[in-house]
Amino acid sequence: NIHLLSELGFLAHQISSKIGLGSSTVARVIKEIQLDKENLKMGHPYQPSSTSRRRIVSSVTSRRIENAIQATHIIRVALSSPSRPKLDTQTVCSVFNSTSLKAVVKQEKPLLSGKHKQQGLSFALKHQTWTGDWTRVI
């Protein structure tokens, strides 16, 4: 009854006098109904435009971002407007899959040891006066 009367445009105190419940109870029920309506996802899920798809792919391939969560955040900020639906991380993952980008775990690379650093420094000091071959290096 509360839902129906609320849809008809009655206020919380008018509904409470008709039904016999407290006005705070009626107001709470109306608020819960409105929150349920806002969270209800209806229709076809948002599909990013070709421009958004290119932006996502170029950001990943140029290594500005590393994963779908970062891509989602960047695209949300770049495309934020009240009229646009929110971009979901799953949507970004589907863009990755449609462009043959695969999710892989980065390989761990060993850090340079003290020996490696010393070898690099000694090479640089030994060859710092070279002139012939280095002039052709761009």
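These legends go with several close-up views of one predicted protein model.

Because the model is predicted, local features need pLDDT of at least 70 and side-chain atom pairs count only at pLDDT 80 or more, while totals for chains, interfaces and linings use all residues. Residues are numbered from 1 along each chain as its sequence is written, and side-chain values use heavy atoms, with hydrogens and water left out.

**View 1. The whole chain, helix after helix.** The protein chain has seven helices and zero strands, so the pattern along the sequence reads α-α-α-α-α-α-α. Helices here are DSSP runs (H or I, at least four residues), strands are E runs of at least two, and the numbering starts from the N terminus. Of the 138 residues, 17% are buried; that label means under 20% relative accessible area, with exposed meaning over 50% and partly exposed the range in between (1.4 Å probe, protein chains only). The accessible surface adds up to about 11,600 Å², and carbon and sulfur atoms own 56% of that. Those areas come from the Shrake-Rupley method with a 1.4 Å probe, and for residues only the protein chains shown count as cover. Take the contacts (heavy atoms within 4.5 Å) between residues at least 6 apart in sequence: 44% of them join residues at least 24 apart.

**View 2. Where α4 meets α6.** Helix α4 (residues 50-61) packs against helix α6 (residues 89-98) at an angle of about 75°, and the two axes sit 10 Å apart. The axes are lines fitted to C-alpha atoms, for helices over the stretch in contact, and angles run from 0 to 180 degrees between N-to-C directions. That makes the pair roughly perpendicular, a label for 65 to 115 degrees; under 35 is roughly parallel, over 145 roughly antiparallel, and the rest oblique. On the α4 side, look for R53, I56, V57 and V60; α6 brings V92, V95, F96 and S98. By type, the contact residues split into six nonpolar, one polar and one charged. Nonpolar covers Ala, Val, Leu, Ile, Met, Phe, Trp, Tyr, Cys and Pro, charged covers Asp, Glu, Lys and Arg, and the others, Gly among them, are polar.

**View 3. The two sides of α6.** T91, V92, V95 and F96 are the buried residues of this helix. Looking down the axis of α6, they fall within an arc of 145°, so they line one face of the helix; the arc is that of the directions from the helix axis to the C-beta atoms. An α-helix has 3.6 residues a turn, so residues three or four places apart point the same way. Over on the other side of α6, Q90 and N97 are exposed. After the helix comes S100, with a positive phi near 65°.

**View 4. Two exposed residues of α4.** R54 belongs to helix α4 and is exposed, at 53% relative accessible area. R54 and T99 are 45 residues apart in sequence, yet their C-alpha atoms are 9.7 Å apart in space. T61 is also in α4 and counts as exposed at 51% relative accessibility. From T61 to L101, 40 residues along the chain, the C-alpha separation is 9.0 Å.

**View 5. S16 in α2 and H73 in α5.** S16 sits in helix α2 (residues 12-19) and is buried, with a relative accessible area of 10%. Skip the neighbours within four places in sequence, and S16 is in contact with L21, G22, S23 and V26. H73, in helix α5 (residues 68-78), is exposed at 53% relative accessible area. The C-alpha atoms of H73 and T89 are 8.7 Å apart, with their positions 16 residues apart in sequence.
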